[in-house]
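Work through the exercises below with the structure open. Try each task before reading its solution.

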Amino acid sequence: MASVETNAAAAAHVEEHDHHEELSFIRKYIFSEDHKVIAKQYMFSGVFWAIIGASLSILFRLQLGFPNLNLEWLRPILGNWIDDSGKLDKEFYLALVTMHGTIMVFFVLTAGLSGTFSNFLIPLQVGARDMASGFLNMLSYWFFFLSSVIMFGSLFIETGPASGGWVIYPPLSALPQAMSGSGLGMSLWLISMALFIVSQLLGGINYITTVINLRTRGMSFSKMPLTIWAFLLTAVLGLISFPVLLSAALLLIFDRSMGTSFYLSEIYIGGEALPNVGGSPILFQHLFWFLGHPEVYIVLLPALGITSEIIATNSRKPIFGYRAMIASMIGIAFLAFIVWAHHMFVTGMNPFLGSIFMFLTLIIAVPSAVKAFNYITTLWRGNIVFTPAMLFSIGLVSFFISGGLTGIILGNSALDIQLHDTYFVVAHFHLVMGAASAFGFLAGVYHWFPKFFGRMMNKTLGYIHFWFTFVGIYLVFFPMHYIGIAGFPRRYYSFTSYEAFRTFGDLNMFVSIAAIFTFAAQFLFLWNFFYSIFRGRKAPQNPWRSNTLEWTTPVNPGHGNWPGEIPAVYRWPYDYSKPGANDDFIPQNVPYSQTPESNLPHENALIALEKEIEAQNYNDQFKQPH
Amino acid sequence: MVYVVGLLSLVFLVLAILVLTRLTSILKGVNAGDTTEEIERIGGTGNRVNAFLFIGFFVVGAIAVAWSFLHARQYFLPEASSPHGRHTDGLFWLVMAIITIAFVVTNALLFFFAYKYQYRKGHKATYYPENHKLELIWTVIPAVVMALLVFTGWRAWRDITSEAPENALNIEIVGRQFNWEMRYPGVDNNKLGNYNYKLIDANNVIGLDLEDEASFDDVTTSTEMHIPVNRPVLLKIRARDVLHSVFIPHMRVKMDAVPGMPTRFWFIADKTTDEMRNETGNPDFKYEIACTEVCGQGHFSMRTTLVVEDEESYNKWMAQQKPWLTKNPDYLARVPDKLKAKAAKYIPADAGAQAPSDSTAAPAEEGAGAAPSAALR
């Protein structure tokens with residue numbers, strides 16, 4: 001095992017650089033600048049938010065599945081949000097939907113997923129001591145924390161949290177007269193999101209800088225793991241699109257508080273005609289979706305990156321079409337910016353624009369299809385080990401395909417007329433973006449748990465968790481397509497007012513039961529997660545026999561990640577089951593000169609370059625004067 | 001429907017029991033060999049069970065999908081009553097067929113490969129990092145299919161969003177929290193009069209502008225919309241307060257109502273309400289208009305019915321409707337002097353005598369300064 005030898009050699013000439021004094025508890029665990037601690041902070045925050053966000057969805061699923069159920073027993077928690085007849089308040093229903101969306105999209109799948117794994121894996125997989133700026137990284141988390149506190153606080157105010165849908169379309173979100181949630185709740189939402197965006201930008205700048213500048217010797221872009229490619233592109237997407245959301249939010253704040261008319265025009269509400277003229281609600285939608293659509297990929301790309309790594313490792317095969325994977329991710333990232341108006345086909349936007357955006361939207365199916373085919377081909381003739389992480393990755397691919405395919409229907413503007421804002425849309429994006437990204441998060445936690453905490457999670461519980469969740473999610477969202485094809489609009493408190501939407505009452509009940517079941521299954525994970533942190537089996541150094549650099553660090557990596565020198569990188573990260581090799585994996589830090597038996601002809605030529613790689617002046621912060 | 005739920009629950013239960021029973025047996029095995037190296041245990045029973053479950057999931061899932069689809073089918077895409085609706089329905093099922101094939105094939109391969117290539121001790125995976133020919137093929141095939149779909153979809157979209165025919169009946173529909181207001185151009189000049197949101201008050205709920213003589217004969221209603229069969233109808237869509245969206249499920253009509261930006265959608269209804277009653281076998285069938293853009297707490301109940309009837313009944317209904325001005329004679333005070341003579345025709349005889357003289361009864365003048373603002377037709 002070449003990797004272990006090199007690592008042992010490195011560990012031999014021990015911590016000579018370790019002249020840092022021991023940090024206080026607060027600097028070490030709370031206001032920490034260490035990327036691993038910050039990653040864990042993001043992870044715990046993400047898990048906390050996921051529990052809140054999912055609980056909210058259970059509340060409104062109760063209303064949808066059992067419209068006649070008496071919810072009086074929830075009064076101790078919800079107080080007057082339960083009305084006199086023992087049912088959910090109608091505006092509070094909308095608040096639940098809004099907060100579920102906001103929390104899941106931004107706080108769980110953006111901050112929780114990217115924040116955890118970009119922070120944790122970028123330095124470990126590119127071979128850096130830490131992020132480019134530990135201080136900005138810490139700021140990034142604490143801005144997120146502040147934003148979280150405000151958003152959480154808004155759940156408890158008397159007029160209720162923001163309620164106009166997670167897309168907060170004005171004028172509804174701009175006018176407190178229109179609904180009570182558009183008062184203080186909306187103000188808090190906007191403040192919280194502004195801070196959240198600051199946090200994302202600080203984080204994103206750091207991720208990009210680290211990947212570009214702090215790669216170890218030999219870690220060229222063409223040798224980077226796909227996880228890092230995904231995180232890099234995600235950060236670029238966020239850096240370009242989040243400021244647009246900030247500007248949209250700022251203009252909305254002006255409209256709400258300073259009497260401007262960016263989004264308001266010709267409105268008569270609450271018995272008076274407002275003075276605002278000349279604004280356009282459509283402008284807000286353009287600005288919002290300019291973030292909103294890339295946001296889908298901000299959420300999805302890290303999950304796809306994580307999956308690429310896990311599928312290759314556990315199939316014991318190189319990822320199929322490494323370069324095609326990178327190209328398709330770049331293609332998706334680019335196209336993500338020019339498809340936003342497919343959310344707006346029936347908003348009154350010029351139909352000609354609709355045609356253009358339909359064309360661009362359906363193009364994005366091509367790189368997505370390439371990715372799906374590549375994952376499937378990676379499994380072909382593999383030697384597949386079903387770790388819980390691998391199960392979740394395969395589940396992700398299935399969701400990505402199933403949810404992505406219905407996008408072909410929704411991206412077609414003529415077909416979108418009937419399906420726009422129905423449950424078909426809800427089912428589509430929950431599968432392709434919600435469930436797929438959540439599976440990316442879970443797969444990542446199972447896979448890198450040994451690196452996070454130096455312990456293993458219970459495999460059997462992981463299996464049960466996977467099967468219950470996988471089956472549960474399909475049972476929730478597959479029938480939801482049926483409800484959508486029947487024309488049921490989303491964000492409806494109840495379907496009893498319409499004859500056209502009276503059918504499917506029992507199917508809605510079924511969906512709710514499946515949702516409750518799936519939610520309950522997550523407690524298996526939570527138990528496994530927290531129990532294993534303290535009592536899990538001690539992890540070996542490289543439990544999945546993986547090639548990437550993070551597994552060359554000690555089981556519990558300390559400050560600076562590697563006790564000795566940072567390893568140099570000689571090969572790509574996917575040399576699994578190479579013909580001629582003794583073992584079925586060759587880590588990235590094993591030089592070609594040590595593996596003459598398995599080298600391909602062009603790789604023998606690379607042996608000459610090894611000296612050059614080793615002599616490179618690399619970015620080890622420990623080697624720099626400070 | 002009960003069957004669908006029953007079947008899916010059954011599937012659910014079977015899978016759950018399957019997982020539990022198989023996994024408890026492994027649990028014992030796992031606990032026994034806790035100290036052995038991770039690598040030694042990867043080929044254990046757990047691996048085989050998971051591989052088997054993928055195949056099981058696919059087979060049971062495929063049956064459940066097919067079964068539930070056939071049973072839920074009756075509720076899908078409620079009978080279309082407009083030509084463009086039938087066209088997009090056809091496209092929908094075409095695309096659905098294509099993606100169902102892709103769905104089944106890719107998921108089958110995914111789960112089958114997972115099963116077939118499960119870990120075997122001493123076996124080595126095939127080192128197969130790329131194949132440019134294969135990659136080219138599966139890039140080109142989706143691209144070609146997408147191009148065809150875009151083309152057919154674009155043609156349908158172009159036709160649906162084209163200008164309404166000359167003979168189209170113009171009807172205005174205005175969304176407000178939480179109902180729809182309809183306005184017809186009236187029987188005399190077939191033109192919708194101007195409006196101005198600053199003229200809105202408790203009676204004049206859509207801000208009818210009486211300085212425009214075309215508005216004198218306009219008819220408003222907020223209970224139901226009547227339209228003639230087989231004649232193009234152009235909906236002129238507005239919103240009074242926040243965003244709404246006109247959704248007529250059976251007509252495949254959906255368009256947002258935007259404050260400050262009138263939108264439009266034209267369609268032809270080719271089945272009367274009565275015909276639909278026969279066709280669906282439901283004697284109480286009604287076309288309905290719903291809201292699909294969240295607009296506040298009453299969003300889910302912004303229901304209005306739509307009556308599609310033959311030209312004759314429609315004309316009869318129209319003739320019975322009184323112009324808005326006739327119902328609100330007080331507003332004659334708003335009519336400019338030079339048009340008063342024309343407007344007087346719409347004032348009922350009993351009210352006409354006192355209305356013009358009694359200026360205190362006329363609505364307050366708060367809207368007077370707003371006249372030049374954007375009042376588009």
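**Exercise 1. Find the residue of E9(B) that is the bridge partner of Phe247(B), then place the two strands in their sheet.**

Step 1. Go to Phe247(B). Its bridge partner in E9(B) is Ala290(B).

Step 2. Name the strands. E6 of chain B covers residues 244-248, and E9 of chain B covers residues 287-291. They run antiparallel and are joined by 2 bridges.

Step 3. Widen the view. The model is a predicted one. Its chain B has an open sheet of 5 strands, in the order E4-E10-E9-E6-E7. The pairing in this sheet is mixed.

Step 4. Look at the edges. E4 (224-228) and E7 (253-257) of chain B each have a single partner strand, so one side of each is left without a neighbour in the sheet.

Step 5. Check the twist. Neighbouring strands are turned against each other by 25 degrees on average, direction ignored.

Step 6. Add the helix. H7 of chain B, residues 311-320, packs on the sheet and touches E4 and E10 (304-309) of chain B. The direction of H7 makes about 135 degrees with that of E4(B).

**Exercise 2. Trace the pairing from E1(B) through E2(B) to E3(B).**

Step 1. Start with E1 (residues 169-176) and E2 (residues 179-184) of chain B. They pair in the antiparallel sense over 5 bridges.

Step 2. Find the link. A hairpin of 2 residues joins E1(B) to E2(B).

Step 3. Pick out one bridge. Glu172(B) has Arg183(B) in E2(B) as its partner.

Step 4. Move on to E3 of chain B, residues 219-221. E2(B) pairs with this strand over 3 bridges, again in the antiparallel sense. Here Met182(B) stands opposite Thr221(B).

**Exercise 3. Decide how H9(A) and H12(A) are oriented: roughly parallel or roughly antiparallel?**

Step 1. Locate the helices. H9 of chain A spans residues 281-315, and H12 of chain A spans residues 365-379.

Step 2. Take the geometry. Their axes come within 9 Å and cross at roughly 20 degrees.

Step 3. Apply the cut-off. Angles under 35 degrees count as roughly parallel. H9(A) and H12(A) are therefore roughly parallel to each other. Their crossing is left-handed.

Step 4. List the contact. H9(A) brings Leu304(A), Ile311(A), Ala312(A) and Ser315(A). H12(A) brings Lys371(A), Tyr375(A), Thr378(A) and Leu379(A). By class, that is 5 nonpolar, 2 polar and 1 charged residues.

**Exercise 4. Do the same for H6(A) and H7(A).**

Step 1. H6 of chain A covers residues 134-154, and H7 of chain A covers residues 184-213. Their axes lie 8 Å apart, at an angle of about 165 degrees.

Step 2. Angles over 145 degrees count as roughly antiparallel. That makes H6(A) roughly antiparallel to H7(A). This crossing is left-handed.

Step 3. The contact has 15 nonpolar and 10 polar residues, with no charged ones.

**Exercise 5. Describe the contact between the two chains.**

Step 1. Count the residues. Chain A gives 111 and chain B gives 105.

Step 2. Find the main contributor. On the side of chain A that touches chain B, H16 of chain A (residues 459-485) gives the most, with 12 residues.

Step 3. Sort that side by class. It divides into 70 nonpolar, 26 polar and 15 charged residues.

**Exercise 6. Where in chain A is the pLDDT below 50?**

Step 1. Begin with the whole chain. The mean pLDDT of chain A is 92, and 96% of its residues reach 70 or more.

Step 2. Locate the exception. The pLDDT is below 50 over residues 1-18 of chain A. This stretch has 19 contacts in the model beyond near neighbours in sequence.

Step 3. Read with care. Predicted coordinates should not be read in detail where pLDDT is low.

Note on methods:
Residues numbered from 1 in each chain as written. Chains lettered and ligands numbered in written order. Predicted model: local features only at pLDDT ≥ 70, side-chain atom pairs only at ≥ 80, totals over all residues. pLDDT = per-residue confidence, 0-100. Contact = placed C-beta atoms within 7 Å. Pairing = 2+ DSSP bridges. Helix = DSSP H or I, 4+ residues; strand = E, 2+ residues; numbered from the N terminus. Nonpolar A, V, L, I, M, F, W, Y, C, P; charged D, E, K, R; others polar. Axes fitted to C-alpha atoms, helices over the stretch in contact; angles between N-to-C directions. Parallel < 35°, antiparallel > 145°, perpendicular 65-115°, else oblique. Left-handed = near helix turned anticlockwise from the far one by under 90°.
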